[in-house]
Amino acid sequence: ALQAATSPTTQQSTAGLPSSSDKNPVVDDIALQQIKTRRGQAQFRRALIEAYDGKCAFSGCDVLDVLESAHVMPHAQGGSYAVSNGLLLRADLHTLFDLRLICIDENRKIRIADSLYGTMYQEFEGKVVRLPNHQQHDESVSKENDMRQI
């Protein structure tokens with residue numbers, strides 16, 4: 001039975017992977033960052049869904065399958081998984097937010113980049129961001145977002 005477990009097929013599928021005898025397997029910074037991100041992401045999303053009553057902070061969309069947890073201060077730049085560092089956003093709006101084509105001003109109003117005028121996203125310009133169901137989050141979001149101006 002032991003020999004069957006080390007058949008040529010099994011050996012072939014694990015070729016190139018570090019073996020248990022490797023003392024120092026190579027793990028790069030990108031891989032470590034991805035692991036760190038994955039570990040907190042699901043819990044962060046659940047917390048934001050609860051804080052925003054399952055609705056996008058920008059659009060009010062309530063289709064959970066398209067809502068994502070967005071970091072105000074990016075996780076890769078030291079942002080935390082605290083709800084105060086997050087927004088629940090529709091996937092397309094999250095992408096625009098990460099690309100800095102859409103942001104929130106000091107009055108909690110959405111601002112869009114010039115390149116978005118004349119597109120479907122123009123409807124968001126000047127719209128007030130939905131607040132989470134606790135006030136502590138609002139103050140932190142405004143403060144953190146000041147660093148993400150377009």
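**Exercise 1.** Is Asp 105 buried or exposed, judged by its relative accessible area?

*Solution.* The model is a predicted one, and every value below is computed from it. Asp 105 has a relative accessible area of 8%, and the limit for a buried residue is under 20%, so Asp 105 counts as buried.

**Exercise 2.** Identify the salt-bridge partner of Asp 105, and then follow that partner to establish which residues share one network.

*Solution.* Begin with Asp 105, whose salt bridge is formed with Arg 111, the closest N and O atoms being 3.0 Å apart. Next, consider Arg 111, which at 27% relative accessibility is partly exposed. The side chain of Arg 111 also meets that of Glu 125 in a salt bridge, with an N to O distance of 2.7 Å. Glu 125 lies in the loop between E4 and helix H5 (135-145), whereas Arg 111 belongs to strand E4, so this pair ties together parts that are 14 residues apart in sequence. Glu 125, for its part, is partly exposed at 25% relative accessibility. Finally, because these salt bridges share partners, Asp 105, Arg 111 and Glu 125 are joined into one network.

**Exercise 3.** State how many salt bridges the structure holds, and describe the one formed by Arg 90.

*Solution.* The structure holds three salt bridges. Arg 90 forms one with Asp 92, and the closest N and O atoms of this pair are 2.6 Å apart. As for accessibility, Arg 90 counts as buried at 17%, while Asp 92, with a relative accessible area of 23%, is partly exposed.

**Exercise 4.** Describe the order of the secondary structure elements, and determine which of them contribute two or more residues to the largest nonpolar core.

*Solution.* The chain comes to five helices and four strands, and from the N terminus on these run α-α-α-β-β-α-β-β-α. The largest nonpolar core has 27 residues, and those with the most contacts inside it are Phe 58, Leu 87, Leu 89, Leu 93 and Ile 102. Two or more residues of this core come from each of helix H3 (29-51), strand E1 (67-71), strand E2 (86-90), helix H4 (91-98), strand E3 (102-104) and strand E4 (110-112). Of these, H3 gives the most, with four residues.

**Exercise 5.** Characterise the chain as a whole by its burial, its contacts and its accessible surface.

*Solution.* Of the 150 residues of the chain, 33% count as buried. Turning to contacts with a separation of 6 or more, 60% are accounted for by residues 24 or more positions apart. The accessible surface comes to about 9,500 Å², and 52% of it belongs to carbon and sulfur atoms.

Methods:
Residues numbered from 1 in each chain as written. Predicted model: local features only at pLDDT ≥ 70, side-chain atom pairs only at ≥ 80, totals over all residues. Heavy atoms only, no water. Core = buried A, V, L, I, M, F, W, Y, C linked by side-chain atoms within 4.5 Å. Buried < 20%, exposed > 50% of the residue type's maximum accessible area, 1.4 Å probe, protein only. Contact = heavy atoms within 4.5 Å. Areas by Shrake-Rupley, 256 points an atom, 1.4 Å probe, with all protein chains shown as cover. Salt bridge = Lys/Arg side-chain N within 4 Å of Asp/Glu carboxyl O.
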